[in-house]
Amino acid sequence: MLGKCFFVIVLLSLVFGLFTGNAAALGNAALDGAARAVEVTLSLVGMTALWCGVMRVFTECGTVRLLSRLLSPLLRPVFPGAWQDERCRETVTAAVTANMLGLGNASTPLALTAMRELGRASPGEATDDMVTFAVLGTAPFNILPATLIALRRAAGSAAPCAVVVPVWICSLAAALFGILLSRLLRKAGRQHA
């Protein structure tokens, strides 16, 4: 479906560009946009590689275990099943921490590992912890929105960090609402079962 939408947009752009006499400007804009996309992609790949390495070092040196203990009072009520298994607790903490740091794509391998660990308890079935983890993966609380700051910097923003406080407010509200909605729907599902 997305490919069809993209095709229609490109076709309409070409038709209007030809009819309005802006075909050369359209071609230049397409080439400039493609070049800029490559630059932004390379900067994000570098940042992703850096943070994947940092999270790997944190895992190997025990920092994730320490974070697990520090975040335990907050995450234990959110993921009660995960807190019964140390390996599961560490992978969930690593993924949540990566999301809190706003690492975007760098947190994906950690999230996949955490979801695999959460799924060990009941293979083939989504547990409450898995659903909550998926919700927090899509609406995490960001302390440091590193990917957003990198994108703003790559786009030439004079103050790439100016969005930090609004991101705190919005991401905290989204995370809390997501957890609340997840819990309410879980209770409603159990009552109808």
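A salt bridge is a side-chain nitrogen of Lys or Arg within 4 Å of a carboxyl oxygen of Asp or Glu. Keep that in mind, as it comes back below.

What you have above is a predicted model, where local features need pLDDT of at least 70, side-chain atom pairs count only at pLDDT 80 or more, and totals for chains, interfaces and linings use all residues. Residues are numbered from 1 along each chain as its sequence is written, and side-chain values use heavy atoms, with hydrogens and water left out.

**Exercise 1: the whole chain**

Task: Find how many helices and strands the protein chain has, and work out how its radius of gyration sits against the globule rule.

Solution:

Step 1. Start with the secondary structure. Helices (H or I, at least four residues) and strands (E, at least two) are DSSP runs, numbered from the N terminus. On that basis the protein chain has eight helices and zero strands, and its pattern along the sequence reads α-α-α-α-α-α-α-α.

Step 2. Now check the spread. The radius of gyration is taken over C-alpha atoms, and the globule rule is 2.2 Å times the number of residues to the power 0.38. For 193 residues the rule gives 16 Å, but the protein chain comes out at 21 Å, well over that, so it is more spread out than a compact globule.

Step 3. Look at the box. Along the principal axes, the C-alpha atoms fill roughly 65 × 45 × 30 Å.

Step 4. Ask what is covered. Buried means under 20% relative accessible area, exposed over 50%, and partly exposed in between (1.4 Å probe, protein chains only). Buried residues make up 30% of the 193 residues.

Step 5. Finish with contacts, meaning heavy atoms within 4.5 Å. Take the contacts between residues at least 6 apart in sequence: 65% of them join residues at least 24 apart.

**Exercise 2: helix H1**

Task: Describe helix H1 and say how many of its 18 residues are buried.

Solution:

Step 1. Get the span. The expected span of a helix is 1.5 Å times one less than its number of residues. Helix H1 covers residues 2-19 and reaches 26 Å from its first C-alpha to its last, close to the 26 Å expected.

Step 2. Count the buried residues. H1 is hardly covered, with a count of one among its 18 residues.

Step 3. Pick two examples. Phe7 is in helix H1 and is exposed, at 54% relative accessible area. Ile9 is found in H1 too, and at 52% relative accessibility Ile9 counts as exposed.

Step 4. See how far Ile9 is from Gly178. These two are 169 residues apart along the chain, and 34 Å separates their C-alpha atoms.

Step 5. Check what follows the helix. Just after H1, Gly21 takes a positive phi of about 80°.

**Exercise 3: salt bridges**

Task: Find how many salt bridges the structure holds, then follow three of them.

Solution:

Step 1. Recall the general idea. Side chains of opposite charge can pair when their charged atoms come close. This structure holds five salt bridges.

Step 2. Begin in helix H2. Arg36 and Glu39 meet in a salt bridge at 2.9 Å, N to O. They are three residues apart in helix H2 (residues 23-61), which means about one helical turn separates them. Arg36 is partly exposed at 32%, and Glu39 is partly exposed at 46%.

Step 3. Move to Asp85 and Arg120, whose side chains meet at 2.4 Å, N to O. This pair links distant parts of the chain, 35 residues apart: Asp85 is in the loop between helices H3 (63-75) and H4 (86-100), and Arg120 is in the loop between helices H5 (108-119) and H6 (128-138). Asp85 is partly exposed at 28%, and so is Arg120 at 48%.

Step 4. Try Arg87 and Glu117, which meet at 3.6 Å, N to O. Here Arg87 in helix H4 and Glu117 in helix H5 are 30 residues apart. Arg87 counts as partly exposed at 47%, while Glu117 is buried at 13%.

Step 5. Put the pieces together. Salt bridges that share partners join Asp85, Arg87, Glu117 and Arg120 into one network.

**Exercise 4: a residue in helix H4**

Task: Is Thr97 buried or exposed, and which residues is Thr97 in contact with, leaving aside its neighbours within four places in sequence?

Solution:

Step 1. Locate Thr97: it lies in helix H4.

Step 2. Read the cover. Thr97 has a relative accessible area of 9%, so it is buried.

Step 3. List the partners. With those sequence neighbours left aside, Thr97 is in contact with Leu67 and Leu71.
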